[in-house]
Amino acid sequence: MSRGNLYLLTDRKGRKYLVRTRPGGRFSHHRGTVEHAAIEAAGPGGVVETHKGEPLWIKRPSLEEYVLLMPRSATVTYPKDAAAIVMMLDLEPGMRVLEAGSGSGGLTLFLARAVGPKGEVVSYERRPAFLERARANVEAWGAENVRFFLGDLAEAELEEAGFDGVAIDLMEPWKVLDPVERALKPGRSAVFYLPNITQVVELLRSIEGRPLRLGRVIEVHHRSWDVRPPVAHPSFRQIGHTAFLVELQRTREPKGGPNREEEQAGGDEKESTVAEAVRDRGADQGPDRPGGAG
Ligand SMILES: C[S@@+](CC[C@H](N)C(=O)[O-])C[C@H]1O[C@@H](n2cnc3c(N)ncnc32)[C@H](O)[C@@H]1O
């Protein structure tokens, strides 16, 4: 049976609703209902009214809108960060990318779009129910270039240097460094999505002696504005902190850690700062173990 079309409806207050149309279907809003057939007839860019006169603007959902509105098991990688991860991995059509954990499939979809139909995303998730949620979300969007695997990435049997990039969004990334290292082509990067700075520090301590070197650590901030002249100011409600993005580059030799003497002596100032912070922390404190789900 063919699926209906996916639409995004926006009401007067800016509330957004995902709708998959079907024959005889009807969308219910708290200010009335509207037939799916009317939505189809008006199409993207059009407007429909509920039987109580509430206007609803119609468009196709963007990937950002879809990921924020689709059903979730785990918390999704925030779209602004997913877009930055695609940039940091320098993905292009035809590439292969490894991901864990799949969660709800949010980041998976950004990766799948970047590598295109001739590329591939290989996604590991250790919780069966989460894997099924991710698979359903990815299928509902229509992406066909994702292969899901149920299991712990730490135990995955991966081909050597088979991937152009690795994206990791899970609680204890230092436990999956063996497969990350094995999977990555030399010169290519892995990006880690880490909500806590304690995780960043633990991860950087863990790459000592491995063929991985620190590329950069960034945060991505979007500051939205409320512009309805004469009102024009930064919105009072903003998206706060989401995560740090840590890029590690695969080197050929196992001496690529952040504490390399030559980098501290004459290298990039920011890199040295991170290296010093990690070293100092190691000298006088034990490692933090962040808690929480994932
Ligand atoms: C925060 S969620 C990922 C969300 C996902 N990036 C998204 O956008 O929907 C973290 C997921 O990693 C999974 N996970 C944690 N450790 C894992 C491991 N070692 N191997 C595979 N999956 C793991 C968890 O079960 C959870 O579903």
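Is helix 3 (residues 79-89) mostly covered or mostly uncovered? Mostly covered: eight of its eleven residues are buried, where buried means 20 or more other C-beta atoms, placed from the backbone, within 10 Å of the residue's own. Helices (H or I, at least four residues) and strands (E, at least two) are DSSP runs, numbered from the N terminus.

Please keep in mind that this is a predicted model, in which local features need pLDDT of at least 70 and side-chain atom pairs count only at pLDDT 80 or more, while totals for chains, interfaces and linings use all residues. Residues are numbered from 1 along each chain as its sequence is written.

**Helix 3**
- Its buried residues are Pro79, Asp81, Ala82, Ala84, Ile85, Val86, Met88 and Leu89.
- These pack against partners including helix 2 (63-69), strand 7 (96-100) and helix 4.
- Just after helix 3, aspartate 90 has a positive phi of about 55°.

**Nonpolar cores**
- The largest nonpolar core (buried Ala, Val, Leu, Ile, Met, Phe, Trp, Tyr and Cys residues joined through C-beta atoms within 7 Å) has 56 residues, and Ile85, Val97, Leu111, Val166 and Ile168 have the most contacts inside it.
- Helix 4 gives this core its largest share, seven residues.
- Another core, of six residues, lies apart from it and includes Tyr7, Leu9, Val34 and Val48.

**Around the ligand**
- Of the 24 residues around the ligand (C-beta atom, placed from the backbone, within 6 Å of it), Ala74, Gly101, Gly103, Gly106 and Leu170 come nearest.
- Helix 4 (106-115) and strand 8 (120-125) are the elements that each give two or more residues to this shell.

Conventions:
Buried ≥ 20, exposed ≤ 12 C-beta atoms within 10 Å, placed from the backbone. Contact = placed C-beta atoms within 7 Å.
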